[in-house]
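I opened this notebook to keep track of what I looked up, one entry at a time. My plan is to go through the strands and sheets, then the contact between the chains, and then the core.

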Amino acid sequence: MITPAVPKSWYLPSKPHKFCPGCGHGIVLKALGEVIDELEIQDQTIFGCDIGCSLLSWNFFACDSTQTHHGRTTPVMVGIKRARPELISIGYMGDGGGYSIGSQHLLNAAVRNERVTLILVNNTNYGMTGGQMAPTTLPGQKTETTPYGRDPEITGYPTKGPEFIAQVTPDGAYVARATVSKYKQLKRFLRNALRNQIEGNGFSFVEVLSTCPTNWRTNAQQTWHFLEDEMEPYFPVGELKSPFSKGGEK
Amino acid sequence: MLKVVDETKKAFLTGNETIAWAALAAGADIMFGYPITPQNEVMHYWTRLAPKYGRGFLQTEDEISAGFTVCGAVQAGKKAFTATAGPGNVLMQEPFGMAEAMRLPLFAIIQQRGGPSSGTVIYSQQEVTLTTFGGNGEGYRVVYSSATHQEIYDYTIKGFNVAWKYRWPTFLLGDGYQAKMREPLEMYNPEEKGIELEPAYPLLGLPGKIGEDREPQHLCNIYSLEEELYDVVMNLSADYERVAPELIEWQEHSCEDADIIILTHGVVSRAADDAVKALRAQGIKAGYFRPITLRPYPTQQLREAIAKSGAKKLLIAESSYGQFERLTKQEIYGETIKIEHLYMPGVGIIDHDIINKVKSVL
């Protein structure tokens with residue numbers, strides 16, 4: 001029997017994990033685990049998760065972990081980093097937590113160039129609460145609170161998080177958008193985002209485009225189609241700001 | 001490192017300035033704050049003093065963030081605190097709830113201003129309900145209601161110690177008068193008074209190699225099952241009730257033979273004290289009772305004061321419209337003493353207000 005290799009920094013008693021079949025969170029957390037291993041930061045990493053589906057990662061890693069209220073992961077992780085700068089502070093949240101209820105925290109942490117790494121998973125809806133419209137829901141996309149499709153005349157256009165964060169951060173910040181469909185690139189961006197905190201350059205932010213077949217009501221083929229053919233054209237993948245390469249990787 | 005207070009000395013300070021000095025003396029590592037009157041000068045003095053003593057400060061984007069950054073910093077093992085008032089206290093109920101659920105040693109100063117809503121920036125006692133039982137929880141908090149600047153100094157030091165010893169969110173409930181007024185007090189180095197400072201310790205970022213020396217810490221405040229949460233809440237309640245007798249503080253005098261007991265808290269107690277002395281001088285048997293801790297409440301002590309005096313009336317005087325009376329009534333349910341009240345929401349109460357009220361009800 002072949003058992004798949006799991007990152008050393010995963011907490012095995014909490015596996016198999018509780019995310020839905022086809023959910024992208026497992027891919028993001030595997031990439032993050034591998035990067036934590038490669039950078040050898042497991043013992044000084046503090047992992048903090050939000051409310052929403054990201055909450056299911058509260059005991060995902062064999063790292064010291066904490067969990068807070070919807071949208072408040074950013075200030076908790078900032079408080080930890082300000083108190084103990086030698087720790088590696090990673091906040092993990094969804095699009096609702098980061099771009100809606102916690103947007104004032106995200107914006108101001110970015111402006112202050114807080115030395116934390118925030119990972120935001122964008123699956124275009126509120127998954128845990130049953131598939132409502134998120135700030136990232138695409139125009140025309142049906143959700144439980146936009147049953148006839150999102151109308152930008154009523155609810156505005158989807159939030160482009162990395163683009164706005166790149167605008168408000170000073171030099172030294174790292175800002176990127178990755179996707180679970182490009183695993184090697186996702187890992188590279190997460191590694192850069194952590195390296196940037198380790199080197200103390202500035203704020204680090206990675207949005208990851210992800211999948212939600214449960215609430216999208218899609219089969220495997222339709223799920224991948226929505227990610228690659230609907231989301232990725234709307235939310236361009238790449239590095240928007242990087243201290244490691246001028247202009248960043250496109 | 002500079003010693004905060006070399007030797008015990010007299011000082012003439014505002015309440016907010018007193019808090020900054022006391023927090024330094026208590027070993028506070030970092031303050032997170034957001035401007036709101038009447039607590040602003042806590043930040044003003046802290047930001048001037050803190051760098052000289054190697055302490056930190058961050059002005060956050062709002063009170064929600066100030067409360068949650070404190071939650072993060074105390075989890076990382078640092079003595080962190082904040083100060084707020086009014087609508088800021090409303091916003092901070094969210095992080096205060098997290099601190100209750102996760103037993104975080106958060107310390108906060110509340111300088112009450114008038115309400116509801118933006119109210120006034122001046123004074124009230126209208127944040128009693130919010131500070132004792134705010135949030136979607138059961139009121140697992142320690143709340144000290146101070147009356148003098150000496151108490152502000154003493155209970156700020158004690159507040160940090162109690163927070164770290166018992167791990168309940170702990171509050172110093174002041175008000176705009178105490179915040180802005182200037183009066184003499186004695187500043188001291190706690191160790192020289194025999195007050196041992198409780199050590200801070202981390203809940204996250206512990207020493208040792210995970211998997212070899214220790215298991216990872218997984219802290220959470222949400223549960224999948226009703227029964228899981230039931231156990232958590234029942235355990236919190238049992239823990240709180242067990243230590244409550246050690247935490248309860250109160251003041252009383254002249255109750256033994258009193259016909260009427262005057263019940264106040266905070267700065268209003270100063271007017272009550274003066275009123276009782278003046279009434280006694282006029283031959284009216286008035287007694288004085290004052291909870292210092294509003295949570296946990298000195299329930300048994302108040303019941304005993306009522307019983308031993310045989311007083312026929314209890315006069316509750318407060319700068320709010322019955323918040324303190326409601327809190328008291330739920331604690332002394334079953335007592336048959338007639339309760340009178342003097343409600344002056346958002347305005348100060350002086351001895352004459354109380355004396356006149358006593359004469360009108362006796």
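**Entry 1, a strand pair in chain B.** I looked up strand S5 (residues 107-112) of chain B and found that it pairs with strand S7 (residues 170-175) of chain B in the parallel sense, over six bridges. Within this pair, Phe107(B) has Thr170(B) of S7(B) as its bridge partner. I note here that I am reading a predicted model.

**Entry 2, the sheet around that pair.** Which order do the strands of the open sheet of seven strands follow? I read it as S3-S2-S4-S5-S7-S6-S12 (chain B), and the pairing is mixed. Strand S3 (56-59) and strand S12 (293-295) of chain B stand at the edges with a single partner strand each, so one side of each has no neighbour in the sheet. From one strand to the next, the twist averages 20°.

**Entry 3, helices on this sheet.** I then checked what lies against these strands, and one helix belongs to the other chain: helix H2 (residues 73-83) of chain A lies across strand S2 (30-33), S3 and strand S4 (80-84) of chain B, and runs at about 150° to S2(B). Helix H3 (residues 63-75) of chain B packs on the sheet too, where it touches S2, S3 and S4 of chain B, and its direction makes about 160° with that of S4(B).

**Entry 4, the second sheet.** Chain B also has an open sheet of five strands, in the order S9-S11-S10-S13-S14, again with mixed pairing. Why is one side of strand S9 (250-253) and of strand S14 (338-343) of chain B left without a neighbour in the sheet? Both stand at the edges and each has a single partner strand, so one side of each stays free of a neighbour there. Neighbouring strands of this sheet are turned by 20° against each other on average, direction ignored. I followed strand S13 (residues 313-318) of chain B, which pairs with S14(B) in the parallel sense over six bridges, and I saw that Leu315(B) stands opposite Glu340(B) in S14(B). Helix H9 (residues 268-281) of chain B packs on this sheet and touches strand S10 (260-263), strand S11 (286-291) and S13 of chain B, with its direction at about 165° to that of S11(B). Helix H11 (residues 323-331) of chain B packs there as well, touching S10, S13 and S14 of chain B, and its direction makes about 140° with that of S13(B).

**Entry 5, where the chains meet.** How many residues of chain B are in contact with chain A? I found 34 residues of chain B in contact with 30 residues of chain A. On the side of chain B that touches chain A, the elements giving two or more residues are S2, S3, H3 and helix H4 (86-102) of chain B. The largest share, nine residues, comes from H3(B). The residues of this side divide into 18 nonpolar, eleven polar and five charged.

**Entry 6, the core.** The largest nonpolar core has 171 residues, of which Ile261(B), Ile262(B) and Ile354(B) touch the most other members. Helix H6 (residues 149-166) of chain B gives the most to this core, with eight residues. Domain 1 (9-193) and domain 2 (251-361) of chain B both contribute residues, so the core lies between them. Not counting residues up to four places away in sequence, I listed the residues that Ile262(B) touches, among them Ala272(B), Val276(B), Leu315(B) and Ile354(B).

Technical notes: Residues numbered from 1 in each chain as written. Chains lettered and ligands numbered in written order. Predicted model: local features only at pLDDT ≥ 70, side-chain atom pairs only at ≥ 80, totals over all residues. Pairing = 2+ DSSP bridges. Helix = DSSP H or I, 4+ residues; strand = E, 2+ residues; numbered from the N terminus. Axes fitted to C-alpha atoms, helices over the stretch in contact; angles between N-to-C directions. Contact = placed C-beta atoms within 7 Å. Nonpolar A, V, L, I, M, F, W, Y, C, P; charged D, E, K, R; others polar. Core = buried A, V, L, I, M, F, W, Y, C linked by C-beta atoms within 7 Å. Buried ≥ 20, exposed ≤ 12 C-beta atoms within 10 Å, placed from the backbone. Domains from an automatic or database assignment.
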